[in-house]
Every structure is written in C-alpha cells, then in structure tokens.
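Let's take a walk through this protein together, from its overall build down to one corner of its fold. Please have a look at the sequence and the model first.

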Amino acid sequence: MPELAEVETLRGQLEEEILGEEVLGVSVFDSKLRGSEVLFRGRVCAVKRHGKALVLTLEGGDVVIRLGMSGRLKLGAPERPPRLTLRFPGGEIHLIDRRRLSSIGPLGGLPKGVDPLLGDPPLVWDSSRPVKALLMDQDFLLGVGNIYASEALFVAAVDPFVPASRLSPEERLRIFGAVREVLLEAISLRGTTISDWRDLYGRPGLYQERLRVYGKEGRPCPRCGSPIRRRVLSGRGTWFCPSCQVQ
Ligand SMILES: [Zn+2]
C-alpha cells in the first residue's frame with residue numbers, strides 16, 4: 001500500500017500541478033464515494049500530507065484522501081476506469097483503485113503519531129510489542145508500513161521482533177534515523193512499486209531496486225552475506241538478517 005514515501009511523492013507532484021487551481025467539477029463513478037463531490041469547493045490553497053493520507057486544503061475546507069491498499073491519483077488519461085475524477089483548468093485528475101479501499105472525507109479521525117520527516121523521535125517506547133509492530137502503529141509513527149519498517153530496521157541493525165521497551169536510547173535514535181534515511185531515499189526515487197503504485201504521471205517508483213531485505217528471503221544479506229529470512233509478524237511478512245539484526 002502507499003506509505004509515506006509514495007504519498008509524499010504524490011503530494012509534491014500535486015502541489016506542482018494544482019496549487020492555486022480551482023476545482024471546476026467532480027464526477028463520482030463509484031457508489032462508495034457518493035457524496036464526496038460536495039467536499040471539493042473552490043481553489044486549492046495547500047496540498048499537505050498526514051502520514052499516509054493526503055490533505056487538500058480548499059477554499060471550501062479540508063478534504064482527506066486515504067489511498068488504502070491500492071489507490072492512486074493519475075493526471076491525464078487513466079489506464080483503468082476511475083472511481084472519481086476532479087477537473088481543473090489544466091486537466092483532469094483521476095482516482096484509480098483496483099481494490100476500491102480508498103476513501104475521501106472531511107478532516108477528522110487522523111492518527112496521532114509523529115511524522116518521521118517533520119517531528120522529533122517519540123519519547124515513549126515502553127511497549128512490550130515487537131519494535132516493528134510499534135513502528136507501523138500510526139499513533140506512534142506516521143506513514144511507516146511494512147516495506148519501510150523492514151528496511152529501516154535492517155539499516156539500524158535491530159531485530160524486528162525485540163520488544164520495543166528493551167531498546168536502549170541509542171538504539172531508538174538509530175532506528176528513528178534509519179526510518180528517516182530510508183524514507184528520504186525512497187522519496188528521491190518516487191517510492192516503491194511492488195504492484196500497484198504509480199506516481200501522478202503514471203510512472204512506477206524505483207526504490208524496489210534498492211530494497212535490502214524486503215521480499216528477499218534466501219538472498220544474501222547485503223552487509224554480511226547470510227541468507228535473509230522471512231517470518232510472519234502480526235500477519236505480515238517480515239524480512240531480516242538473522243546475523244546482523246541481533247540484540
Ligand atoms: Zn547480515
């Protein structure tokens with residue numbers, strides 16, 4: 001699903017294309033989004049991101065777009081039937097979503113975690129949960145999902161399964177720094193395309209070519225050469241090096 005790096009890529013591109021532009025019309029093609037057309041009123045005053053959610057500030061108020069598992073926005077001709085289309089003077093932007101889990105609504109109900117690009121490291125890590133699960137908790141850190149949590153813990157050389165409360169202050173800072181490093185690198189490459197993700201112009205991201213452990217079971221660790229392992233944590237695949245990521 002689109003994580004912070006993908007949504008930030010989209011945010012920057014939307015800012016380039018529609019900041020200051022007026023919404024001329026909205027067409028809804030999916031009954032699950034019916035009613036959302038009334039939210040898009042006036043000019044776009046700001047294009048923001050809250051974790052994995054896009055927040056468009058319009059003259060008529062804020063609109064939150066959650067992309068769900070496979071949602072994306074496309075400027076110009078869509079490759080598949082859109083769920084919703086926004087018309088601007090410069091062209092149309094389509095919401096495309098194979099799994100129809102994206103949603104649009106007014107401001108509200110947003111998670112309360114720290115944005116790893118904008119905020120300071122969280123002070124309280126006193127969770128008995130595995131650190132990877134904590135990193136993916138949107139009320140702890142915003143925007144980090146399975147891909148970037150796995151990659152950041154590898155970069156920080158921390159075992160994804162260690163309870164967060166057992167980490168030293170130094171390890172916590174190292175993890176936070178690694179999350180930031182991985183996300184900034186991914187943003188510079190327009191995110192990670194494993195299946196659905198494309199940017200506003202329909203281009204895949206490039207970060208999948210830089211992945212160190214995610215999806216690499218059995219392949220050699222880029223640091224020590226040991227085979228990467230996969231274990232399931234909270235129902236999600238978790239990839240790690242059993243030699244480097246040891247507490
Ligand atoms: Zn290793």
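The paragraphs below begin with the whole chain and end at a single hairpin.

Keep in mind that this is a predicted model. Its secondary structure comes to 4 helices and 10 strands. Reading from the N terminus, you meet one helix, then a run of strands, then further helices and a closing pair of strands, in the order α-β-β-β-β-β-β-β-β-α-α-α-β-β.

How does the overall size fit the chain length? A compact globule of 247 residues would have a radius of gyration near 18 Å, and the protein has 19 Å, so the two agree. Along the principal axes, the C-alpha trace spans about 55 × 35 × 30 Å. Of the 247 residues, 52% count as buried. Among contacts with a separation of 6 or more, 63% join residues 24 or more positions apart.

Now to the outside. The protein exposes about 11,000 Å², and carbon and sulfur atoms supply 50% of that area. As for charge, there are 36 positive and 30 negative side chains, with the centres of the two sets 6 Å apart.

Finally, let's zoom in on strands β9 and β10. Strand β9 covers residues 229-233 and pairs with β10 in the antiparallel sense over 5 bridges. Within this pairing, Val-232 stands opposite Gly-237 of β10. The two strands form a hairpin with 2 residues between them. One residue to look for in the turn is Ser-234, which has a positive phi of about 50°. Beyond the turn, strand β10 (residues 236-240) is mostly covered, with 4 of its 5 residues buried.

Technical notes: Residues numbered from 1 in each chain as written. Predicted model: local features only at pLDDT ≥ 70, side-chain atom pairs only at ≥ 80, totals over all residues. Heavy atoms only, no water. Buried < 20%, exposed > 50% of the residue type's maximum accessible area, 1.4 Å probe, protein only. Pairing = 2+ DSSP bridges. Rg over C-alpha atoms; globule rule 2.2 N^0.38 Å. Contact = heavy atoms within 4.5 Å. Areas by Shrake-Rupley, 256 points an atom, 1.4 Å probe, with all protein chains shown as cover. Lys, Arg positive; Asp, Glu negative; His and termini not counted. Charge placed at Lys NZ, Arg CZ, Asp CG, Glu CD.
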